[in-house]
Amino acid sequence: MGFKEQVAADLTRVFMNPEEFGEHHDLDGTACICVVSGDMTEKRNAVLHDGRRTPDGLHGDYLTVCVKIVDLPRIPKQGTNFKVDGKRYTVDTCTEEMGMLTITMGAFRAGGGFL
């Protein structure tokens, strides 16, 4: 088995395995097994917004979602709305590498509830 085949196998057997890292989530209306993280996103977001956590005057909730590309019916585009478990976010970036999408997104609010 070559490197690419081994990575593809590891995506399913380890990374996306619900007994390891994978979790069941609703991604924009599609039930998927994916990995959702909020811990690295703040560092990434500082880069996306010129060193600021959010645009001026806003507070945010940030996520990074890793999902197999074949599990979504479409690839999210930067600036579009994308729901995770019914909560609306705006896509900052979406990259594909070796069959895996990494989607970074934020939900911004001014004062009260999320937009």
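Strands S1 (23-27) and S2 (30-37) pair in the antiparallel sense over five bridges, where strands are DSSP runs of E with at least two residues, numbered from the N terminus, and pairing requires that DSSP finds at least two bridges between the two strands. Within this arrangement, His24 has Ile33 in S2 as its bridge partner. The two strands form a hairpin with two residues between them. The model is a predicted one, in which local features need pLDDT of at least 70 and side-chain atom pairs count only at pLDDT 80 or more, while totals for chains, interfaces and linings use all residues. Residues are numbered from 1 along each chain as its sequence is written, and side-chain values use heavy atoms, with hydrogens and water left out.

The turn of this hairpin deserves a look of its own. Asp28, in the loop between S1 and S2, has a positive phi of about 55 degrees although it is not a glycine. Most residues other than glycine have a negative phi. With a relative accessibility of 32%, Asp28 counts as partly exposed, a class that lies between buried (under 20% relative accessible area) and exposed (over 50%), computed with a 1.4 Å probe on protein chains only.

Asp28 also takes part in a salt bridge with Arg74, their side chains meeting at 2.7 Å, N to O. The criterion is a side-chain nitrogen of Lys or Arg within 4 Å of a carboxyl oxygen of Asp or Glu, and a search of the whole structure finds one such pair. Side chains of opposite charge can pair when their charged atoms come close. Here the partners come from distant parts of the chain, 46 residues apart, with Arg74 in the loop between S3 and S4 and Asp28 in the loop between S1 and S2. Arg74 counts as partly exposed because its relative accessibility is 42%.

At the start of S2's range, 30-37, Thr30 is found in the strand. Thr30 is buried, with a relative accessible area of 19%. Leaving aside residues up to four places away in sequence, Thr30 touches His25, Asp71, Leu72 and Pro73, contact meaning heavy atoms within 4.5 Å.

A second hairpin involves S4 (81-84) and S5 (87-97). These strands pair in the antiparallel sense over four bridges, and Lys83 has Arg88 in S5 as its bridge partner. Two residues lie between S4 and S5 in this hairpin. In its turn, Asp85 has a positive phi of about 50 degrees, although Asp85 is not a glycine. Asp85 is partly exposed, at a relative accessible area of 45%.

Turning to the interior, the largest nonpolar core holds 15 residues, of which Leu27, Val67, Leu72, Phe82, Val84, Ile103 and Met105 touch the most other members. A nonpolar core is a set of buried Ala, Val, Leu, Ile, Met, Phe, Trp, Tyr and Cys residues joined through side-chain atoms within 4.5 Å. At least two residues of this core come from each of S2, S3 (59-68), S4, S5 and S6 (100-109). S6 gives the most, with four residues. A second, separate core has five residues, including Leu11, Met16, Cys66 and Met100.
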